[in-house]
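Work through these exercises with the structure open beside you. Try each task before you read its solution.

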Amino acid sequence: KCSKRCFLYPSGSAAPGPVPKDYIRVYSMRFCPFAQRTRLVFKAKGIKHEIINVHLADKPEWYLKKNPFGIVLTLETPAGEVIYESPITCEYLDEVYPEKKLFPSSPFAKAQQKMMLEHFSKRIGYFYRISSGRKNGQDVSGLEAELKEKLSKLNEDLVNKKTKFFGGDSITMIDYMMWPWFERLETFELQHCLDGTPELKKWTERMREDPAVKATMYSVDAHKAFYKTFLDGNPDFDYGL
Ligand SMILES: N[C@@H](CCC(=O)N[C@@H](CS)C(=O)NCC(=O)O)C(=O)O
């Protein structure tokens, strides 16, 4: 199951030891957009971290003990505390590592970002439904129209706020939380959905200039190659290594 170049922890592998002092560990999968949210926060805040990639198609038993849902990502602290669900892990990191706060300090502004995130998170399914529907020869034009409608709401939001990013003129948490799906638009063959949303398109261009985004980004070719193996039912989690 695990070739020589496998950097993954598959079933039967020994559990990794305790998390080194002053580090935080993330159990991840290289192409997971939810895990990328957390990797963006690590980079933006300069958090010392360790990454352990889990074989999601052949999960190790010890991983299911840490996270009973068996999904990535999961954070683990040197004290053995375990935290999962990407919006919660990112908020936790923002609280525990106070340097360069990513959420606004005003409770109302923070609540606004969390409301926006809640709505965005409910729409994530569109990206996958459209691309897998297309692969299965379904007519996805209705779904695409719905997605465009949601994207135009985001565009309108930027137009109304007159800011470069969703939380102001610099990047904040909400931008990082939405970014991974925009990085994958071309992979999903949905980049044309930004044609009618110029402000949102400019936002994606500004995002690409951010050091944390650059540091966690994969090329379109790498995303496409991984996504193909994923849609074919045999995901190559080590793609490109
Ligand atoms: N709601 C979770 C979603 C995480 C998620 O769906 N991760 C995927 C990988 S991208 C996963 O672990 N899939 C494996 C599985 O479902 O067994 C979060 O926000 O962290």
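**Exercise 1.** Find which residues of the largest nonpolar core touch the most other members.

*Solution.* Remember that this is a predicted model.
Step 1. The largest nonpolar core has 31 residues. Leu-40, Val-41, Tyr-176, Met-177 and Trp-179 touch the most other members.
Step 2. Next, trace the helices. At least two core residues come from each of H1, H3, H5 (125-135), H6 (141-161), H7 (173-183), H8 (198-208) and H9 (211-216).
Step 3. Pick out the main giver. H7 gives the most to this core, seven residues.
Step 4. Place the core. It lies between domain 1 (1-101 + 232-241) and domain 2 (107-209), because both give residues to it.
Step 5. Recall the general rule. Nonpolar side chains tend to be buried together in soluble globular proteins.

**Exercise 2.** List the contacts of Tyr-176, leaving aside its neighbours within four places in sequence.

*Solution.* Step 1. Tyr-176 is in contact with Arg-37, Leu-40, Val-41 and Ala-44, once those neighbours are left aside.
Step 2. Add Leu-102 and Ile-171 to complete the list.
Step 3. Now look away from this core. Another core, of 19 residues, lies apart from it. Its members include Val-72, Leu-73, Leu-75 and Tyr-84.

**Exercise 3.** Describe the contact between domain 1 and domain 2, starting with the distance between their C-alpha centres.

*Solution.* Step 1. The two C-alpha centres lie 25 Å apart.
Step 2. Domain 1 brings nine residues to the contact, and domain 2 brings eight residues.
Step 3. On the side of domain 1, helix H1 (33-45) and helix H3 (86-96) are the elements that give two or more residues. H1 has the largest share, six residues.
Step 4. Sort this side by class. It has six nonpolar, one polar and two charged residues.

**Exercise 4.** State which residues surround the ligand, then sort them by class.

*Solution.* Step 1. The ligand is surrounded by Met-29, Cys-32, Phe-34, Leu-56, Gly-70, Ile-71, Val-72, Leu-73, Glu-85 and Ser-86.
Step 2. By class, seven of these are nonpolar, two polar and one charged.

**Exercise 5.** Compare the helix and strand content of the two ranges that UniProt lists as GST domains.

*Solution.* Step 1. An unreviewed UniProt entry lists residues 22-101 as "domain: GST N-terminal". Over residues 22-101 the chain is 38% helix and 20% strand.
Step 2. The entry lists residues 106-231 as "domain: GST C-terminal". Over residues 106-231 the chain is 71% helix and 0% strand.
Step 3. Check the ends. The end C-alpha atoms are 19 Å apart for residues 22-101, and 42 Å apart for residues 106-231.

Notes:
Residues are numbered from 1 along each chain as its sequence is written. This is a predicted model: local features need pLDDT of at least 70, side-chain atom pairs count only at pLDDT 80 or more; totals for chains, interfaces and linings use all residues. UniProt positions are given in the numbering used here, feature names are shortened, and annotations may be inferred rather than shown by experiment. Helices (H or I, at least four residues) and strands (E, at least two) are DSSP runs, numbered from the N terminus. A residue is near a molecule or strand if its C-beta atom, placed from the backbone, lies within 6 Å of it. Ala, Val, Leu, Ile, Met, Phe, Trp, Tyr, Cys and Pro count as nonpolar, Asp, Glu, Lys and Arg as charged, and the others, Gly among them, as polar. Domain bounds come from an automatic or database domain assignment. Two residues are in contact if their C-beta atoms, placed from the backbone, lie within 7 Å. A nonpolar core is a set of buried Ala, Val, Leu, Ile, Met, Phe, Trp, Tyr and Cys residues joined through C-beta atoms within 7 Å. A residue is buried if 20 or more other C-beta atoms lie within 10 Å of its own, exposed if 12 or fewer, and partly exposed in between; C-beta atoms are placed from the backbone.
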